[in-house]
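Biologist: I should be grateful for a close look at a single part of this model.

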Amino acid sequence: MEEQFWQTRWESGRIAFHEDAPNAFLVENSHVLGLDHSARIFLPLCGKARDLDWLLARGHDVIGIEFNRGAIEEVFHRLSLEPEIAQASGLTRFSHGKLTLWHGDFFALEKAALGHVDAVYDRAALVALPDDLRNAYAARLSELTSRAPQLLVSYDYDQSQTDGPPFSVPQETINRLYGSQYAIERLASGDITDPLAQRCSGQEQVWHLTAKAP
């Protein structure tokens, strides 16, 4: 993946994608996943999202992966947790209690290292990827998590209005990436209101993906 691009964004503070509160779509729709408090939830390209704190506060085991080490360190500092740091499978694992954050490339994460996943919450991963990486990402995520149910947040806007990321990932793209393996339900949508709204108009949407029977 385009690691240097994202490292530069973090180093220069160009992280408008970071929200200072848990994502409203997560708060309002996480119940559809039907998870108990001990469920393990995976957040690809998690950054330093406040969603991590919100999920932890509900008792879940939270696992994420992120390119930027500083973002990971900030999460543990914010939560007043001292992480245990270890090397595994070419990545660095930061862990404390129910929180595990991997530092490195999503595509380098191995299924055995990740372990069992009960659900995926993808707010910032798919929309961060250019079109030529999305097929590989979707296939790898499905494999890593054994097609665990997903809560997926996406944008739908005229890509000619502005360059991504975040990129426009409309329903037809989600259907193409996931439709063969998952039933896809749109749960809610609303006008884009985050900093992207300064560059374009469109919809932010949340989707529930559940594995189809073999």
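In which loop is proline 165 found, and what can be said of the surrounding elements?

Modeller: The model is a predicted one. Proline 165 is found in the loop between strand 7 (150-157) and helix 7. A cis peptide bond joins glycine 164 to this proline, with omega about 0 degrees. The bond that follows, from proline 165 to proline 166, is also cis, and its omega is near -5 degrees. Proline 166 likewise belongs to the loop between strand 7 and helix 7. Most peptide bonds are trans.

The loop leads to helix 7, which spans residues 171-178 and whose axis comes within 9 Å of that of helix 6 (residues 131-144). The two axes cross at roughly 50 degrees, and helix 6 and helix 7 are therefore oblique to each other. Their crossing is right-handed. On the side of helix 6, the contact is made by Asp131, Arg134, Asn135, Tyr137, Ala138, Leu141 and Ser142; helix 7 contributes Thr173, Arg176, Leu177 and Tyr178. Sorted by class, the residues of this contact comprise five nonpolar, three polar and three charged.

On the other side of strand 7, the loop between helix 6 and strand 7 holds serine 146. Phi of serine 146 is near 55 degrees, a positive value in a residue other than glycine. Most residues other than glycine have a negative phi.

Definitions and conventions:
Residues are numbered from 1 along each chain as its sequence is written. This is a predicted model: local features need pLDDT of at least 70, side-chain atom pairs count only at pLDDT 80 or more; totals for chains, interfaces and linings use all residues. Side-chain values use heavy atoms; hydrogens and water are left out. Axes are lines fitted to C-alpha atoms, for helices over the stretch in contact, and angles run from 0 to 180 degrees between N-to-C directions. Helices (H or I, at least four residues) and strands (E, at least two) are DSSP runs, numbered from the N terminus. Angles under 35 degrees count as roughly parallel, over 145 as roughly antiparallel, 65 to 115 as roughly perpendicular and the rest as oblique. A crossing is left-handed if the near helix is turned anticlockwise from the far one by less than a right angle, and right-handed if clockwise. Contact means heavy atoms within 4.5 Å. Ala, Val, Leu, Ile, Met, Phe, Trp, Tyr, Cys and Pro count as nonpolar, Asp, Glu, Lys and Arg as charged, and the others, Gly among them, as polar.
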